[in-house]
Amino acid sequence: MKKTEVTYGQLDRVLRALGFTCRPGNNDPPGRIYEHPTSGATIMLPAFSDNERVYEHHLVAARLELDDFGIADPTVFADKLQKAG
């Protein structure tokens, strides 16, 4: 599977800056569940270390959820990820 140049730590910082909260998931293997209380958006990701590079499909899923719920369009999201680096 293809990885991006973005780390899970960068993605975490951006999602939290956009108003998401994060809690651990209860599934096996464990993960992280990001919830946006205002919009109801939910993003579920595996619990990788902050310095691990993000799989492309995880980044696409986050981007789509942000766009679908009107939280951030893809250009704003990409800009925030770049600045978080």
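The expected span of a helix is 1.5 Å times one less than its number of residues. Keep that rule handy, because it gives us a first check on the model you have open, which is a predicted one.

**Stop 1: helix α2**

Select residues 56-68, which make up helix α2. How far apart should the ends of α2 be? With 13 residues at 1.5 Å a residue, the span should come to 18 Å, and the end C-alpha atoms are indeed 18 Å apart, so the two agree.

Now colour His58, Leu59, Ala62, Glu65 and Leu66, the buried residues of α2. Turn the helix until you look down its axis: these residues cover an arc of only 130 degrees, which puts them on the same side of α2. There is a general reason for patterns of this kind: an α-helix has 3.6 residues a turn, so residues three or four places apart point the same way.

What do the buried residues of α2 pack against? Show β1 (3-7), α1 (8-17), β4 (42-46), β5 (53-55) and α3 (74-84), and you have the answer. Before you leave, step just past the end of α2 to Gly70, where phi is positive, at about 70 degrees.

**Stop 2: His58**

Stay in helix α2 and zoom in on His58. Is His58 buried or exposed? Its relative accessibility is 13%, and since buried means under 20%, His58 counts as buried. Leaving out residues up to four places away in sequence, His58 touches Tyr8, Leu45, Pro46 and Phe48. Two of those names, Tyr8 and Phe48, lead to the next stop.

**Stop 3: the rings**

Show the side chains of Tyr8, Phe48 and Tyr55, which ring pairs link into a cluster. How many aromatic pairs are there in the count? There are two. One joins Tyr8 and Phe48: their ring centres are 5.0 Å apart and their planes sit at 35 degrees, so this pair is tilted. Tyr8 belongs to helix α1 while Phe48 sits in the loop between β4 and β5, so the pair ties together parts that are 40 residues apart in sequence.

Switch on a surface here if you like. Tyr8 is buried, with a relative accessible area of 2%, whereas Phe48 is partly exposed at 26%. Phe48 also pairs with Tyr55, and that pair is tilted too, with 5.8 Å from centre to centre and 55 degrees between the planes.

**Stop 4: the core**

Next, go for the largest nonpolar core, which has 21 residues. Which of them touch the most other members? Pick Leu11, Phe20, Leu66 and Phe77. Elements that each supply at least two residues of this core are α1, β4, β5, α2 and α3. The biggest giver is α1, with four residues.

Click on Leu15 in helix α1. Leu15 is buried, with a relative accessible area of 0%. Setting aside residues up to four places away in sequence, Leu15 touches Phe20, Tyr34, Ile43 and Leu66. Try a distance, too: Leu15 and Glu35 are 20 residues apart along the chain, and their C-alpha atoms are separated by 9.2 Å.

**Stop 5: helix α3**

Select α3 and colour its buried residues, Phe77, Leu81 and Ala84. They cover an arc of only 65 degrees around the axis, which puts them on the same side of α3. Among the elements covering these residues are β1, α1 and α2. Spin to the face turned away from that buried side and you meet the exposed residues Thr75, Gln82 and Lys83.

Phe77 deserves a click of its own. Neighbours within four places in sequence aside, Phe77 is in contact with Leu11, Val14, Leu59, Ala62, Arg63, Leu66 and Ala72.

**Stop 6: out to Glu5**

Now find Glu5 in strand β1. Glu5 is exposed, with a relative accessible area of 67%. Not counting residues up to four places away in sequence, Glu5 touches Gln10 and Arg53. Run a distance from Glu5 to Pro24, 19 residues apart along the chain: their C-alpha atoms are separated by 24 Å.

**Last stop: colour by confidence**

Finish by colouring the protein by pLDDT. The mean is 93, and 100% of the residues reach 70 or more. Which element has the lowest mean pLDDT, and which the highest? α3 has the lowest, at 91, and β5 the highest, at 97.

Key: Residues numbered from 1 in each chain as written. Predicted model: local features only at pLDDT ≥ 70, side-chain atom pairs only at ≥ 80, totals over all residues. Heavy atoms only, no water. Buried < 20%, exposed > 50% of the residue type's maximum accessible area, 1.4 Å probe, protein only. Arc of directions from axis to C-beta. Contact = heavy atoms within 4.5 Å. Core = buried A, V, L, I, M, F, W, Y, C linked by side-chain atoms within 4.5 Å. pLDDT = per-residue confidence, 0-100. Phe/Tyr/Trp six-rings, centres within 6.5 Å; stacked < 30°, edge-to-face > 60°.
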